[in-house]
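Trainee: I have a model open and want to go through some of its strands and cores. Can you take my questions as they come?

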Amino acid sequence: MNTQNPDRFLTPVLKNDQWGFIDLNGTLVIPFGYDYAYGFSDGLAEVMINKKWGVIDKSGTQIVPCIYDKVVSFIEDMASVITDGKYGIVDKNGTLVVPCIYDYATWYSEGMAAVMKDGKWGFIDKNGMLVVPCIYNEAELYREGMAAVKKDDKWGFIDKNGTLVIPCMYDYTSLYIEGMAPVMKDNKWGFINKNGTLVIPCIYDNAGYYSEGLACVETDGKMGFIDMNGTLVVPCIYDSVQYYQDGLALVTTEEKYGFIDKTGRLVVPCIYEYAEGFSDGLAMVYVDGKKGFIDKTGKLVVPCIYKTIFGFEDGLAKFVKVDKVGFIDKNGTEVVPCIYDDAVLYPQEGLIRVEKDGKFGFIDKNGKQILPIIYDYKDLYDEDFPLDYM
């Protein structure tokens with residue numbers, strides 16, 4: 001058995017239609033023997049043997065045996081597994097906590113997962129106990145200790161004991177965020193708190209979630225923002241808005257994009273053909289069909305010269321030029337040359353997986369080769385894979 005460092009970076013590689021795992025020195029750490037393998041996440045990787053899926057750790061030990069038709073990624077240390085179209089749950093020890101008896105199972109959220117049986121929804125905890133019986137027509141995931149449920153065409157909320165804290169009386173609702181949930185009644189939207197009190201009356205044509213203390217609302221086709229008391233802080237004058245992030249919200253008017261602060265002041269005027277929200281401190285903007293980036297003061301820090309470029313992550317943005325990809329930094333400097341067929345950033349490891357001429361390898365964020373581009377790969381959804389592998 002392999003006893004390698006569990007923090008060691010391993011990547012799946014293909015040889016003679018079998019998958020194994022190598023480290024960044026090119027050393028084979030987990031032998032070839034899998035029909036398919038995904039990369040490691042949180043120390044575990046999904047693998048397939050004889051068209052059945054399981055999960056291994058970095059020693060190559062099968063934590064979850066390869067006996068399932070599908071394994072869904074671990075969230076909150078639990079994963080859904082599928083056998084003969086039925087869902088169950090395994091923990092990170094590979095124990096089948098919930099047998100494969102449900103028609104569907106979601107991922108866990110706040111220690112609870114929604115399950116469906118015979119067209120009705122309920123919730124199980126991490127011990128596999130059916131805490132909330134399958135009696136609801138629909139159910140949302142738990143957020144802030146509450147889950148929205150639907151019965152007899154109306155929505156309400158249950159707590160983690162399954163108690164119906166807020167009766168099923170609304171035409172629609174969804175998640176609690178920042179202690180408030182949007183609710184719809186008679187085609188108008190308002191907000192309730194966790195006691196079920198209608199804090200904001202149902203007077204709006206549409207409403208979103210609270211973010212940083214403000215929620216977007218719509219009246220007569222125009223959008224603005226209210227605070228927790230229902231005060232209209234930003235008047236409904238915009239054609240569209242997005243949620244606040246780091247004190248700024250993306251807005252549009254007359255088909256132009258800009259950004260406002262939490263007082264409604266236009267920090268970035270609505271002059272752009274298109275814009276996206278801030279990511280890693282910068283926002284993508286379009287001018288004459290070309291893309292660049294602004295900072296939070298509205299300064300254009302990367303000129304609008306790119307036809308295809310992606311948002312910044314960990315200080316880098318991937319761009320495409322003549323069907324090749326490279327990376328720029330936040331100054332617009334090309335730090336990874338545009339010579340690769342594709343590339344994927346691994347921000348936690350400070351690595352970039354690059355592909356060229358049907359082979360892959362790894363470079364660092366400065367473009368220095370870490371693992372030579374000599375290794376084979378094949379996507380599970382390539383046409384060469386038979387459909388019954390999926």
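Mentor: We can go through a sheet, the nonpolar cores, a hairpin and one loop residue. Keep in mind that the model is predicted.

Trainee: Start with the open sheet of four strands. In what order do they come?

Mentor: The order is β8-β9-β10-β11, with antiparallel pairing.

Trainee: Which strands sit at the edges?

Mentor: β8, residues 70-71, and β11, residues 96-102. Each of these pairs on one side only.

Trainee: How many bridges hold β8 to β9?

Mentor: Two, in the antiparallel sense, and β9 covers residues 78-83. Lys70 has Ile82 in β9 as its bridge partner.

Trainee: Next to Lys70 is Val71. What does Val71 contact, leaving aside neighbours within four places in sequence?

Mentor: Glu46, Trp53, Gly54, Val55, Ala79, Ser80 and Val81. Val71 also belongs to the largest nonpolar core, where it is one of the residues with the most contacts inside that core.

Trainee: How many residues does that largest core have, and which others have the most contacts inside it?

Mentor: It has 25 residues, and alongside Val71 the list names Phe21, Ile30, Tyr34, Phe40, Val47 and Ile56.

Trainee: Which elements give two or more residues to this core?

Mentor: β2 (18-22), β3 (28-34), β4 (36-37), β5 (44-49), β6 (52-57), β7 (62-68) and β9. Another core, of 13 residues, lies apart from it and includes Leu248, Leu250, Val285 and Ile294.

Trainee: Change of topic: β17. Is that strand mostly covered or mostly open?

Mentor: Mostly covered. Four of the five residues in β17, which spans 147-151, are buried.

Trainee: What does β17 pair with?

Mentor: Strand β16, residues 138-139, is joined to β17 by two bridges, and the two run antiparallel. Ala139 has Val149 as its bridge partner there. β17 is also joined to β18, residues 154-158, by five bridges, again antiparallel. In that pairing Lys150 is matched with Trp155.

Trainee: Where is the positive phi in the hairpin of β17 and β18?

Mentor: At Asp152, with phi near 55°. The hairpin has two residues between its strands.

Trainee: Last one, Glu254. Where is it found?

Mentor: In the loop between β29 (249-253) and β30 (256-260).

Trainee: Why does Glu254 count as exposed?

Mentor: Because its relative accessibility is 71%, and the cut-off for exposed is over 50%.

Trainee: And how far is Glu254 from Tyr238?

Mentor: Their C-alpha atoms are separated by 8.6 Å, with the two residues 16 apart along the chain.

Terms used
Residues are numbered from 1 along each chain as its sequence is written. This is a predicted model: local features need pLDDT of at least 70, side-chain atom pairs count only at pLDDT 80 or more; totals for chains, interfaces and linings use all residues. Side-chain values use heavy atoms; hydrogens and water are left out. Two strands pair if DSSP finds at least two bridges between them. A nonpolar core is a set of buried Ala, Val, Leu, Ile, Met, Phe, Trp, Tyr and Cys residues joined through side-chain atoms within 4.5 Å. Buried means under 20% relative accessible area, exposed over 50%, partly exposed in between (1.4 Å probe, protein chains only). Contact means heavy atoms within 4.5 Å.
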